[in-house]
Amino acid sequence: MPKPLTDQEKRKQISVRGLAGVENVSDLKTNFNRHLHFTLVKDRNVATKRDYYFALANTVRDHLVGRWIRTQQHYYEKDPKRVYYLSLEFYMGRTLQNTMVNLALENACDEATYQLGLDMEELQDIEEDAGLGNGGLGRLAVTDISSQVEEADDWLRYGNPWEKARPEYMRPVHFYGRVEHTPEGVKWVDTQVVLALPYDTPVPGYRNNVVNTMRLWSAKAPCDFNLKDFNVGGYIQAVLDRNLAENISRVLYPNDNFFEGKELRLKQEYFVVAATLQDIVRRFKSSKFGSTEVVRVDLSTLPDKVAIQLNDTHPALAIPELMRILLDTEHQTWEKAWDIVTRTCAYTNHTVLPEALERWPIDLFQNLLPRHLEIIFEINRRHLERIANLYPGDHDRLRRMSLVEEGDQKKINMAHLCIVGSHAVNGVARIHSDIIKATLFKDFYEVDPHKFQNKTNGITPRRWLVMCNPGLAEVIAERIGEDYIRDLGQLKNLLEFVDDDSLIRDIAKVKQENKLKFSAYLEEHYKVKINPNSMFDVQVKRIHEYKRQLLNCLHIITLYNRIKKEPNKNWTPRTIMIGGKAAPGYHTAKLIIRLITAVGDIVNHDEVVGDRLKVIFLENYKVTLAEKIIPASDLSEQISTAGTEASGTGNMKFMLNGALTIGTMDGANVEMAEEAGEENLFIFGMRVDDVDAMDKSGYDAMEYYNRIPELKLAMDQIAGGYFSPDQHDLFKDIVNMLLHHDRFKVFADYEAYIKCQDKVSALYKNPKEWTKMVIHNIAGCGKFSSDRTISQYAREIWGMEPSLERIPAPDDPRQ
């Protein structure tokens, strides 16, 4: 029997047909040794595997640098409109493999490392995931069978070969102080200064020689050391003050389930915005006009050359900050400055949960950013004057639409600021965009309907198929060619083969290989042996009440009780895996993790159940783990309460990788059902209208508890300590929440969910029909490419045409 191909070999098959030629393996080996010796100052006698990873990363980076410089030269010469995507989070995952795939280098690098006596996959596994986003917000929620431990995500402890510090572009960021109004203008004085040091990371396009830049900022204390303080014994305080300044970028403020008005968070948000806007203005002024180098002095054309996309409300301060620059530094009139700001900025909303929307206390604003508060007040005055003219006498509308919320503590509503200060507002799935127009921002939509758009999220097929599931990528390429990697819409051509036994067999084989590989991974890293022939039922995402991991948990308990009751029945074996992180301050989310692990502990050790049901909580869920679990998954759980999930992208990743979805009509699930056919998803439960009706009539959890015996039994087991024998009341808060104040109506969807899961189990026993549904899903993924999403942003929000131009590669990639 022939040995199965490794993932590396499968990607080679795709790479051989790719655009780029085979790189010189000898040169790669030479450069690898050069970096080992001259960059890392090691030889093969003392080098560690981590040294070999860094040598390889630097070798690959050499091939990026020429393209990176050439891309920036191209932008400088052509002077195109530039997009600045402002976000407090960029959860990138690993860079090495993604870069090799995008540059068509993986084939040659694999051969070079092989000839050097090294294992490519071992080296790739050494790279840390960049902890730059939610799920890696400076913390890990790590849980084992009996307890939960949180650890710092110190991903930079060994350095980062992909970033380049740019101290020459360091910028001052001001905090505190006071505002002076003088005949010469407005001055923000007596401020505390923190320096923003930029770090650039190259982001390569797919085989087009384009390398764009992700710029991150690190906080540094000013260098002027107060010798007087030192002389009188103030050294310790000086050091403490320095640490306080640099804390701004040391740990990203982690709570994302609900908004907390903490000063550190506001500092972080303004720090990123202030540094970036100074950078934008600097670059705008120093750009060329055709063949003539002229410094721009008039910012009136800024919207023609700059688009700023606000990723949620976290960078909302870009609006008053740009106003401050235009008014106080560039001395524009208010009307001119406001026109520039609104034509430049656009806002993407990511949540409808009211507790997650940012509302900053005015007292905090006044202390930290006094000039910006003045500007926001003036924005609000002019905004309300306009609304009053449009709706005379409608005082309640003025209250609802004000940027300043009254109450015991006055607050600035940052979403309102974003809407008023932007020319476009979009949701991230069609149903989400409809909801914000109908409810959350209804008043604003009535006033400016032209502002509101939808941009359904997408994922990149390069990372989420070619890189993480090369076997499936190759099977698809064999049928329809590999152009689908750039044009995911071509996946619809797979429908011609939906009844083709060879395709059905090949896709099922790839899935089984991925399951075997992930089973081995679990056995090695989790010391858990699972049945690779069982259904891999997976829910991996943030732990949050609205995502309803608790509904999944109730299904686990129900299955467990059924197997215990009828052990001789022909059950469909399942391995249910749940993963995700809980924000440190989110008590309920942490308790949900403990409940899942406690249930798993009972289920997994029950000899009657055996391998027909296993429950695993996946620790430290991150991009790298997602790249392993998603290709191996059979069933994707997308079970949020209808109307609460903005979009989701995990659902798209599972769909593209051949997992079937069990889900509510929420977020992008709605469009996935349209693209693949609702009959090819397992849709259950209330729709948005049903949830709205229940909100009006009242949700009575006790009615479901008393009426549904299996639900009552599961809840009684949780409440009675069946899953926590050493602490019977451990989960009393979860029980109380579900029975008496569950905003997300878990019980209302329980019956429909259980019945739908029964359909899932029945279909899984028919592999051919299951795989045909899988093919329909993969074929329906074309809409969910990030290429489509970004093209729509470009044309419909940023006012620019996406370029398909390939930048010529440099002759020598090391230049």
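Two strands count as paired if DSSP finds at least two bridges between them, a handy rule to keep in mind for the close-ups of this predicted model.

**View 1. Strands E17 and E18 run side by side in the parallel sense.** Strand E17 covers residues 535–540 and strand E18 covers residues 574–579, and 6 bridges link the two. To find your bearings, look for aspartate 537, whose bridge partner in E18 is isoleucine 576.

**View 2. Six strands form an open sheet with parallel pairing.** Reading across, the order is E19-E18-E17-E20-E21-E22. Strand E19 (613–618) and strand E22 (682–683) are at the edges; each has a single partner strand, so one side of each has no neighbour in the sheet. Helix H23, made of residues 587–604, lies across E18 and E19 and runs at about 145° to E19.

**View 3. A second open sheet has 5 strands, also with parallel pairing.** Here the order is E1-E10-E11-E15-E16. Strand E1 (82–86) and strand E16 (452–454) are the edge strands, each pairing on one side only. From one strand to the next, the twist averages 25°. Helix H9 (residues 263–286) packs on this sheet, where it touches E1 and strand E10 (306–311). The direction of H9 makes about 175° with that of E1.

**View 4. Strands E15 and E16 meet at one edge of the 5-stranded sheet.** Strand E15 (residues 425–427) runs parallel to E16, and 3 bridges join them. A good place to look is valine 425, which stands opposite phenylalanine 452 in E16.

**View 5. Cysteine 345 sits without a disulfide partner.** A disulfide is a covalent bond between the sulfur atoms of two cysteines. How many disulfides does the structure hold? The count is 0. For cysteine 345, the closest cysteine sulfur belongs to cysteine 418 and is 8.7 Å away, too far for a bond, because a disulfide needs the two sulfur atoms within 2.5 Å. Cysteine 345 has 0% relative accessibility and so counts as buried. Cysteine 756 is buried as well, with a relative accessible area of 6%.

**View 6. Lysine 653 lies in helix H25.** The helix spans residues 650–656. An unreviewed UniProt entry places the feature "modified residue: N6-(pyridoxal phosphate)lysine" at Lys653. Is lysine 653 buried or exposed in this model? Its relative accessible area is 16%, so lysine 653 is buried. Setting aside neighbours within four places in sequence, lysine 653 is in contact with Ile459, Trp464 and Ile630.

How values were computed:
Residues are numbered from 1 along each chain as its sequence is written. This is a predicted model: local features need pLDDT of at least 70, side-chain atom pairs count only at pLDDT 80 or more; totals for chains, interfaces and linings use all residues. Side-chain values use heavy atoms; hydrogens and water are left out. Helices (H or I, at least four residues) and strands (E, at least two) are DSSP runs, numbered from the N terminus. Contact means heavy atoms within 4.5 Å. Axes are lines fitted to C-alpha atoms, for helices over the stretch in contact, and angles run from 0 to 180 degrees between N-to-C directions. Buried means under 20% relative accessible area, exposed over 50%, partly exposed in between (1.4 Å probe, protein chains only). UniProt positions are given in the numbering used here, feature names are shortened, and annotations may be inferred rather than shown by experiment.
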